[in-house]
Amino acid sequence: LDENIAKAEGYLARFKADGVLNHIGGESVAAADDSTFEIISPVDLKPLAKVARGKAEDVDRAAMAAKAAFADWAAMPGDARKKLLHKIADAIVARAEEIAFVECMDTGQSLKFMAKAALRGAENFRFFADKAPEARDGKVLRTSDQANMTTRTPIGPVGVITPWNTPFMLSTWKIAPALAAGCTVVHKPAEFSPLTARLLIEIAEEAGLPKGVWNLVNGLGEEAGKALTEHPAIKAIGFVGESRTGSMIMRQGADTLKRVHFELGGKNPVVVFADADLERAADAAVFMIYSLNGERCTSSSRLLVEESVYDAFTAKVAEKAKRIKVGHPLDPETVVGPLIHPVHEKKVLEYIDIGRDEGATVAAGGAKFDGPGGGCYVSPTLFTGANNKMRIAQEEIFGPVLTAIPFKDEAEALSLANDVQYGLTGYVWTSDVTRAFRFSDRLEAGMIWVNSENVRHLPTPFGGVKSSGVGRDGGDWSFDFYMETKNVAFAT
Ligand code: NAD
């Protein structure tokens, strides 16, 4: 651990010394009015860096740079874009340790997961690099006297707005397809954890990405974020964050008729039937809520368990939760690190109080954890004896807090699972294939895993229903979002 901390200090020194600048048209620049905001590490609450606080003027410059770079980038052959995006992936791999260490100190996420997240970022680039040559492909639709040819063209400069939970991985997931499609980008990362976004744009330009194709404006959501969503040169906004921010962005983008794609919050159920492989289901339920500190949109924050096995199953989960290693994010053994920020820690601890006040039982955790550095640690928490009306069963807590609710039969399980405003993911555990199919078919969620935790296959669609999102990405769905489809009808 000491060695890792020393390494991290080395990687962070430049941010402490020079701060975090914006990057516009290939130049690193301060905010136009020179203003900054300070970020702290959730590990010890000490300052990490002063970050440029971009405003409308900075966003305007970035949008104009993206607009100026668009024609050449869009005209570049798909094969050339493919090569360049692979180079970016190679460069990410070469700096994967630095990315992971910086991410851990900036977000509190543990190295166990961030080491993989950095490499997944490279994988995202490779996946969309390989698809770049086919991005424009369309269809031919014939009638007796017409041949209709559909083609796709990049929509123009786009805005990407990302949250704080796993910023590096998520930024690559949104930006790589935009570049592969031929769009230029203005990225506004989350104000709590902006460091790896800065590394990413440097990596991309060092790998040969032309200036202005990708621009970075740091700042607050209500300032830089809002200005980006309102800018007339920005044709679409790819947004990942809270549902209520999604509503704001939809309003802000209305005047310029912005195309939007939203990946929002969740209150995802893991549904365990008595006939399931209960040991594997328990491991998966624990993994899906406590990995990534529970600060994960796809986390299974509601555990719905068939009555006959409810007590035994929740006892198993409680026992596993108590054994989870909470600690310094750079300790290779740590699973749960400190939460992102004292403001968020307070919110999560308040929900734990709310759960107690509502009458649920704390079967594991339930308190702040006194971790190394004195940061924002919260013990992995399990509530039992809960019901679906409770706020801890309805609202997104976005921390290591799981709410377990019993159900009598399949019909009740389905009604509990669907009785929330969200619908991002669902996890179904049963050995009855017919039931698995029937249940998944009726479950209101964009993505469902049967007898598995969340294992992503990149060509599949990613996104949610109800308050969990608008639109899909992944595979060709990302190109549909970042591109316009045109039909040309030829008389024959
Ligand atoms: P947030 O909505 O507070 O912020 C996300 C981003 O939006 C930040 O960059 C912020 O600065 C910006 N923003 C805030 N107000 C804005 C405005 N008015 N206009 C434009 N931009 C604005 O979300 P967060 O707290 O950073 O992240 C946690 C949330 O993200 C959770 O709800 C989580 O479920 C969600 N999330 C969803 C997915 C998914 O794929 N569905 C993935 C990760 C996180």
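Which residues does glycine 159 touch, not counting residues up to four places away in sequence? In this predicted model, glycine 159 touches Val186, Lys188, Leu228, Thr229, Ile234 and Ile237. Glycine 159 itself is found in strand β7, which covers residues 158–161. It is worth asking whether glycine 159 is buried or exposed. Because 33 other C-beta atoms lie within 10 Å, glycine 159 is buried, the cut-off for that label being 20 or more such atoms. A further distance helps to place this residue: the C-alpha atoms of glycine 159 and cysteine 183 are separated by 9.9 Å, although the two are 24 residues apart along the chain.

From this strand we can turn to the start of the chain. Helix α1 runs over residues 2–18, and its 17 residues reach 25 Å from the first C-alpha to the last, which is close to the 24 Å expected at 1.5 Å a residue. The helix nevertheless has a kink of about 40 degrees, centred on leucine 12. After α1 comes glycine 19, and the phi of this glycine is positive, near 75 degrees.

The next stop is the ligand and the residues around it. There are 31 residues around the ligand, and those that come nearest are Pro163, Gly221, Gly225, Gly241 and Cys297. Two elements, α8 (221–230) and α9 (243–252), give two or more residues to this shell, and the largest share, 5 residues, comes from α8. Sorted by class, the shell has 12 nonpolar, 12 polar and 7 charged residues.

One of the nearest residues, Cys297, leads on to another position, since Cys297 is also among the residues that glutamate 263 touches. Leaving aside residues up to four places away in sequence, glutamate 263 touches Val240, Cys297, Gly463, Gly464 and Gly469. Glutamate 263 lies in strand β11, made up of residues 259–263, and it counts as buried because it has 28 C-beta neighbours inside 10 Å. An unreviewed UniProt entry places the feature "active site" at Glu263, a label that may be inferred rather than shown by experiment.

Finally, the record also offers a wider view of the chain. For "domain: Aldehyde dehydrogenase", the unreviewed UniProt entry lists residues 33–488. In the model, the end C-alpha atoms of residues 33–488 lie 48 Å apart, and the span is 43% helix and 20% strand.

Definitions and conventions: Residues are numbered from 1 along each chain as its sequence is written. This is a predicted model: local features need pLDDT of at least 70, side-chain atom pairs count only at pLDDT 80 or more; totals for chains, interfaces and linings use all residues. Helices (H or I, at least four residues) and strands (E, at least two) are DSSP runs, numbered from the N terminus. The expected span of a helix is 1.5 Å times one less than its number of residues. The bend at a residue is the angle between axes fitted to the seven residues ending there and the seven starting there. A residue is near a molecule or strand if its C-beta atom, placed from the backbone, lies within 6 Å of it. Ala, Val, Leu, Ile, Met, Phe, Trp, Tyr, Cys and Pro count as nonpolar, Asp, Glu, Lys and Arg as charged, and the others, Gly among them, as polar. A residue is buried if 20 or more other C-beta atoms lie within 10 Å of its own, exposed if 12 or fewer, and partly exposed in between; C-beta atoms are placed from the backbone. Two residues are in contact if their C-beta atoms, placed from the backbone, lie within 7 Å.
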